[in-house]
Number of protein chains: 2
Amino acid sequence: MARSKGLSDSTCPVARALDVVGDRWSMLIIRDAFDGVRRFGAFQESLLIARNILTDRLKQLVESGVLDCVPASDGSAYWEYVLTPRGKALFPVIVTLRQWGEGNLFERGEKHSVLIDRTNGKPVPALALKNADGKALAMEETFVKKVEGR
Amino acid sequence: MARSKGLSDSTCPVARALDVVGDRWSMLIIRDAFDGVRRFGAFQESLLIARNILTDRLKQLVESGVLDCVPASDGSAYWEYVLTPRGKALFPVIVTLRQWGEGNLFERGEKHSVLIDRTNGKPVPALALKNADGKALAMEETFVKKVEGR
DNA sequence: CCGTATCCATTCCGATACTG
DNA sequence: CAGTATCGGAATGGATACGG
């Protein structure tokens, strides 16, 4: 059941991150969680995912500290799955994925959902890379410094 | 060979994005491409991925317009795989994944690779969500506005 | 060196049936 | 409603072997 490909001890944070949320369902579950989905059945209905797979993914996400199990707020005997601080820290990942999809995978005029800033009702501006002085930073202006070992 | 789960016509840009780069290897291939890896053998050696799977993933990424095939620069009869503009637009996704990994999946003092701004030699600052006025925006201050249909 | 093709094992996933 | 158990098919992955 452990899904680790052995990336979990990689010195590359991207690889470790993908080892936790890099499968086909986890990120969608997390997206729904940001959207306010909390119940097993609600995830299932939203994602049309097989129930055994959902069981497995929820378990993994709880084990990796992304989701937390809390008693259901309606007094039923079941659980609700809510984002931990670690899970909430994934928000920028979801937002950049959204931005990339919006900008690259929709035809002109094709409709899609939009992330709104509820303090002003406007769409949330794109996340862009800045350097230490707050200036725009192009990908070509960066490089990855590897750690000594490996 | 088509991997689409049928999310490719979703109105959610996150779902569409994950339909293209949401499997276990694609994002790692793209990470390597940002790192300057271009050759089949170099991807294979870096990722320790089976060659048939690598063939398949490279083909998918080319088909979806993330990578481009160009004749090898060394005059050999083969190809190099380079990021298209659409592929380069994934940089913020890689960066936020990296940030999340750095902040949440490493023990204190544990070493990891670092993204460096080569114009000043300093680590690239974290990408954070801002509103239209440039002020920090918490995840709770946002919501996803769905499109009418579905 | 770059891929493709094939074989086999493992994993993933969906459907369904079942339990509380 | 919330999960578990099981089964079969599909996808994935590793290890070759093969050809350009």
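Me: Over how many bridges do strand β3 (residues 114-117) of chain B and β4(B) pair?
Reply: Bear in mind that this is a predicted model. One of the pairs of bridge partners is B:Ile116 with B:Pro123, the latter in β4(B). The two strands run in the antiparallel sense, and the count of bridges between β3 of chain B and β4(B) is two.

Me: In what order do the three strands of the open sheet with β3(B) and β4(B) come?
Reply: Start from the edges, where each strand pairs on one side only: these are β5 of chain A and β4 (122-123) of chain B. With antiparallel pairing, the order is β5(A)-β3(B)-β4(B).

Me: And which strands are the edges of the open sheet that has β3(A) in it?
Reply: The order there is β4(A)-β3(A)-β5(B), again an antiparallel pairing. Each edge strand pairs on one side only, and the two are β4 (122-123) of chain A and β5 of chain B.

Me: What is the bridge partner of A:Ile116 in β4(A)?
Reply: β3(A) and β4(A) are joined by two bridges and pair in the antiparallel sense. Look in β4(A) for the partner of A:Ile116, and you land on A:Pro123.

Me: Which residue of β5(B) is the bridge partner of A:Asp117?
Reply: This takes us across to the other chain, where β3(A) and strand β5 (residues 142-145) of chain B run antiparallel, joined by four bridges. For A:Asp117, the partner in β5(B) is B:Thr142.

Me: What relation do chain A and chain B have to each other?
Reply: Try laying chain A on chain B: a rotation of 180° with 0.0 Å of shift along its axis does it, with an RMSD of 0.0 Å. That turn without a shift is why the relation is the one of a two-fold axis.

Me: What percentage of the contact residues of chain A recur in chain B?
Reply: Contact here pairs up 73 residues of chain A with 73 residues of chain B. The same surface serves both copies, and the share that recurs is 100%.

Me: How much area is buried between chain A and chain B?
Reply: The size of an interface is often given as the accessible area lost when the parts come together. Here carbon and sulfur atoms give 66% of it, and the total is about 7,300 Å².

Me: Which three residues supply more of the area that chain A buries against chain B than any other three?
Reply: Together this trio accounts for 10% of what chain A buries against chain B. Their names are A:Pro13, A:Arg24 and A:Trp100.

Me: How many salt bridges are there between chain A and chain B?
Reply: Side chains of opposite charge can pair when their charged atoms come close. One such pair is A:Glu140 with B:Lys88, whose closest N and O atoms are 3.4 Å apart. Between chain A and chain B, the count is six.

Me: Which element gives the most to the side of chain A that touches chain B?
Reply: Several elements give two or more residues to that side, including α1 (13-21), α2 (26-34) and α6 (91-104) of chain A. With 12 residues, the one that gives the most is α6(A).

Me: By class, how many charged residues does the side of chain A that touches chain B have?
Reply: Take the other classes to begin with: 39 residues are nonpolar and 12 are polar. The charged residues on that side of chain A come to 22.

Me: How many residues apart in sequence are the parts that A:Arg57 and A:Asp23 tie together?
Reply: The side chains of A:Arg57 and A:Asp23 form a salt bridge, 3.0 Å from N to O. A:Arg57 belongs to helix α4 (residues 51-63) of chain A, while A:Asp23 sits in the loop between α1 and α2, so the parts this pair ties together have a separation in residues of 34.

Me: How many helices and strands does chain A have?
Reply: Read the elements from the N terminus on: α-α-α-α-β-β-α-α-β-β-β. That gives chain A six helices and five strands.

Key
Residues numbered from 1 in each chain as written. Chains lettered and ligands numbered in written order. Predicted model: local features only at pLDDT ≥ 70, side-chain atom pairs only at ≥ 80, totals over all residues. Heavy atoms only, no water. Contact = heavy atoms within 4.5 Å. Buried area = accessible area lost by both parts, 1.4 Å probe. Salt bridge = Lys/Arg side-chain N within 4 Å of Asp/Glu carboxyl O. Nonpolar A, V, L, I, M, F, W, Y, C, P; charged D, E, K, R; others polar. Pairing = 2+ DSSP bridges. Least-squares fit on C-alpha atoms with pLDDT ≥ 70 in both.
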